[in-house]
Amino acid sequence: MSRRSTLRYSTSDASSLENRTRIEHGFPKAEASLISIGATKFSKVNKLRDVLSYLGSSNPLSTPITKDDVVWLLDNVAYRGPGGAWNAEFVAAAFSSKVPAKLVDVVGDIADHVGLAKGDAEEAVIESRIVPFVMDVRPGRHVNVAVDGSAKSRLGPGGRNGISSDIKKLPNPAKGSLVAKITAEVPQGTIGILESKTVYAEPEGWAVISDVDDTIKVTMTSDPTGILRSTFISEPKPVPGMPELYAYLETLITKSAPWFYLSASPYNLYPFLRDFRDQHYPHGQLILRDSNLMTISGLLSNLTLGTEQYKIDRINKVNRWLPKRKFILIGDSTQSDPEAYGEIYRQHKKWVKLILIRKVTDIASVGTEDKNTPERFEKAFEDIPKDIWYVFDDPSECSELLHKTVERG
């Protein structure tokens with residue numbers, strides 16, 4: 001392949017490819033038909049509290065979690081902040097535990113979209129997975145947590161989407177441990193993910209940022225029906241060879257190295273993706289999108305629109321946390337990973353040591369052929385040394401390259 005200095009793959013190019021894929025595979029039509037499905041309602045205690053929920057963490061009248069709420073605490077990674085103190089971004093989500101009556105209709109609509117017959121046994125699977133999309137969010141809630149059963153902290157309050165994000169200081173980890181257990185202190189009867197893990201990452205060493213959808217998990221992001229089926233019906237499947245590759249990589253960079261799993265999926269899918277990660281891959285922080293938490297149609301648009309800038313923004317956040325670490329970035333060709341990772345390298349040349357892109361060819365209806373052309377990758381990685389990026393078909397191709405990259409540091 002010849003390098004073309006005038007053809008850098010710009011954001012507008014990536015957006016054009018996204019839009020072509022969406023039009024060719026009927027995303028706008030699918031989203032329009034799903035607009036009324038599962039739209040989450042905000043729980044309004046009174047008008048004042050409703051208005052104040054727009055203030056997010058600055059809300060002066062936040063309320064604590066109750067026994068009628070669902071709480072999720074998300075795993076995270078701690079880093080050294082100013083003065084060497086430990087800090088971490090804590091993300092929590094709050095919902096109502098009361099499942100709306102509309103759940104039955106939502107299940108039926110999803111089943112219809114993926115071609116299931118009424119009363120099909122798979123509707124039970126849809127029902128269990130669709131619940132996080134139809135639960136009413138709890139704006140303005142805060143949750144108290146304990147770190148390893150002692151140090152106390154308050155997370156939140158959450159904003160209009162029920163999600164809170166706080167940078168909190170942490171005590172030093174227990175002697176001989178690099179993991180702290182975070183426990184929600186909530187009334188008896190409160191359900192959800194009430195415990196999370198914080199992994200302590202020293203400033204130097206190796207680290208990994210991995211895409212999720214169609215990089216390590218079969219999602220079929222180029223097809224709306226495929227997304228719905230893989231998300232709400234099918235048993236989640238790892239991409240063949242990727243669990244073995246990541247297990248090997250973990251031995252190279254040691255178990256103390258932090259992993260970040262970056263997905264354009266909304267936070268509604270956190271429990272689903274968390275279980276998938278724990279079953280197949282090294283532990284790591286899941287970074288998800290919160291812009292379209294409240295609709296099923298938002299799931300489709302999240303995975304197919306604006307993914308390049310979203311990923312650049314989130315990776316830059318990780319860079320601010322761990323600027324001295326040596327990073328390996330792994331993604332695929334179905335979204336804008338090549339463009340996002342290429343831009344990150346240009347911004348942080350000494351930070352990124354290797355970029356691996358899986359060329360997705362084993363999924364039906366993958367999208368326009370342009371996604372896998374040599375020209376696309378040449379544009380995306382223009383001016384980036386050839387030994388920094390590699391496009392692979394089979395994960396086994398990457399083992400020796402990873403070994404050499406880590407060996408040379």
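**Salt bridges in a predicted model**

Let me begin with one pair of neighbours: the side chains of Arg277 and Asp278 meet in a salt bridge, with 2.8 Å from N to O. Before I go further, please keep in mind that what you have in front of you is a predicted model. The two partners in this pair differ in their surroundings, since Arg277 has a relative accessibility of 3% and therefore counts as buried, whereas Asp278, with a relative accessible area of 46%, is partly exposed.

Let me step back to the chain as a whole. The chain has 409 residues, and buried residues make up 55% of them. Its secondary structure comes to 13 helices and 16 strands. If we take the contacts between residues at least 6 apart in sequence, 76% of these join residues at least 24 apart. As for the surface, the accessible area of the chain comes to about 17,200 Å², and carbon and sulfur atoms account for 52% of that.

Now back to the charged pairs. In general terms, side chains of opposite charge can pair when their charged atoms come close. How many salt bridges does the structure hold? The structure holds 17 of them, and I would like to show you two more.

One is formed by the side chains of Arg141 and Asp69, again with 2.8 Å from N to O. This pair links distant parts of the chain, because Arg141 lies in strand β5, residues 141-147, while Asp69 lies in strand β2, residues 69-73, and the two are 72 residues apart. Are these partners buried or exposed? Arg141, at 13% relative accessibility, counts as buried, and Asp69, at 0%, counts as buried too.

The other pair is Asp393 with Lys359, where the closest N and O atoms are 3.9 Å apart. This pair, too, links distant parts of the chain, at a separation of 34 residues. Asp393 sits in the loop between β16 (389-392) and α13 (398-408), and Lys359 sits in the loop between β15 (352-358) and α12 (374-380). Asp393 has a relative accessibility of 43% and counts as partly exposed, and Lys359, at 25%, counts as partly exposed as well.

Finally, salt bridges that share partners join Asp69, Arg138 and Arg141 into one network. So when you turn to the structure, you might look for Asp69 in strand β2 and Arg141 in strand β5, and then for Arg138, which belongs to that network with them.

Note on methods:
Residues are numbered from 1 along each chain as its sequence is written. This is a predicted model: local features need pLDDT of at least 70, side-chain atom pairs count only at pLDDT 80 or more; totals for chains, interfaces and linings use all residues. Side-chain values use heavy atoms; hydrogens and water are left out. Helices (H or I, at least four residues) and strands (E, at least two) are DSSP runs, numbered from the N terminus. Buried means under 20% relative accessible area, exposed over 50%, partly exposed in between (1.4 Å probe, protein chains only). Contact means heavy atoms within 4.5 Å. Accessible areas come from the Shrake-Rupley method with a 1.4 Å probe; for residues, only the protein chains shown count as cover. A salt bridge is a side-chain nitrogen of Lys or Arg within 4 Å of a carboxyl oxygen of Asp or Glu.
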